[in-house]
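Notebook open, structure loaded. I want to go through a few pieces of the fold and write down what I find.

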Amino acid sequence: MDMDGVLVHEEHLVPGADTFVSELRDHGIGFMVLTNNSIYTPRDLRARLLRTGLDIPEESIWTSALATARFLKQQRPGGSAFVVGESGLTTALHSIGYVLTDRDPDYVVLGETRTYSFEAITRAIRLVEGGARFIATNPDEKGPSREGSLPATGAVAALIERATGRAPYYVGKPNPLMMRSALRALGAHSENTLMIGDRMDTDVRSGLEAGLHTLLVLSGISDHRTADLFPYRPTRVLDSVADLIGATADPFGEDWSGEADLPQEKVKEAQAD
């Protein structure tokens, strides 16, 4: 499942999310919390979630930084990278034995930070022009804050791409690599796993492309109106994970027809509003 918009809003718990997670544990259902945010390590995110009342172990948290590190380890073991990002990304790359350097690196790896440096971006541009391979942790163009939207990895990647003429390879959602690496970490198979998210363009798409059933919750970014604009549909649409309480062992229920869910009457109601 995604984290922001599904379990929490910034520093606040989505009502019922704690009961939902407890029920998963009670039924012995394995789960992984996914986030495209590469700023924090799993330990940091665990502490953040604990403050909201959610007890999620570190091994049940999978970030785009971890997925990026795993990808680079497979592609070029023992390589080097110039990193624009925070501790979540640098820690993940150190853990696979990468050297972080600004001198002739194998890769420029762009992640998320709340303090993008023009100097660091300029250095990244020059290194990509010099032949470094360009990787970005995720394509999200903006993120939320109390003051409004903030530019995120995708927006800064677009700047570097425009300056260099070289597009990055995005590892995080909706790239199914992110989902498959999480499935391997969870020890699960796509046939008996589902993805819960609040975004059609990343969560639902990545789940679909990895062969999973998908649940869209309306507690975050997407609503019925925006969800209906996409050429694909989630398996089910729910108001929040609280709707799954009492049904975690059978999230589709006996009445489910097997068809993708986006009730047209709900769409019409949203359009009327």
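Before I call anything a sheet, I need a rule: two strands pair if DSSP finds at least two bridges between them. Also a reminder to myself that this is a predicted model.

**Entry 1: the sheet**

With that rule I looked up the strand order and got an open sheet of three strands, 12-13-14, with parallel pairing. Strand 12 and strand 14 are the edge strands, each pairing on one side only. I also checked the twist: neighbouring strands of this sheet are turned by 20° against each other on average, direction ignored.

Next I went through the bridges. Strand 12 (residues 194-197) runs parallel to strand 13, and four bridges join them. I noted two of the partners: isoleucine 196 has leucine 215 as its bridge partner in strand 13, and glycine 197 stands opposite leucine 216. On the other side, strand 13 pairs with strand 14 (residues 236-238), again in the parallel sense, over three bridges. Leucine 216 turns up here too, standing opposite valine 237 in strand 14.

How many residues of strand 13 are buried? I get four of the five in 213-217, so I wrote the strand down as mostly covered.

**Entry 2: the crossover**

I followed the chain from strand 12 to strand 13. Helix 8 (residues 200-209) belongs to this stretch, and strand 12, helix 8 and strand 13 make a right-handed β-α-β unit. Helix 8 lies across both strands and runs at about 165° to strand 13.

**Entry 3: helix 4**

Which residues of helix 4 are buried? In 87-95 I find Gly88, Leu89, Ala92 and Leu93. They cover an arc of only 125° around the axis, which puts them on the same side of helix 4. That fits the textbook: an α-helix has 3.6 residues a turn, so residues three or four places apart point the same way.

Then I asked what these buried residues of helix 4 pack against. My list has helix 3 (64-75), strand 5 (80-84), strand 6 (99-100) and strand 7 (107-110). Just after helix 4 I spotted glycine 97, which takes a positive phi of about 85°.

**Entry 4: serine 60**

I looked this one up because serine 60 sits in a loop, the one between helix 2 (42-52) and strand 4 (61-63). Buried or exposed? Serine 60 has a relative accessible area of 12%, and the cut-off for buried is under 20%, so serine 60 counts as buried. Leaving aside neighbours within four places in sequence, serine 60 is in contact with Phe31, Met32 and Val33.

Notes:
Residues numbered from 1 in each chain as written. Predicted model: local features only at pLDDT ≥ 70, side-chain atom pairs only at ≥ 80, totals over all residues. Heavy atoms only, no water. Buried < 20%, exposed > 50% of the residue type's maximum accessible area, 1.4 Å probe, protein only. Right-handed = clockwise from strand over helix to strand, strands pointing away. Arc of directions from axis to C-beta. Contact = heavy atoms within 4.5 Å. Axes fitted to C-alpha atoms, helices over the stretch in contact; angles between N-to-C directions.
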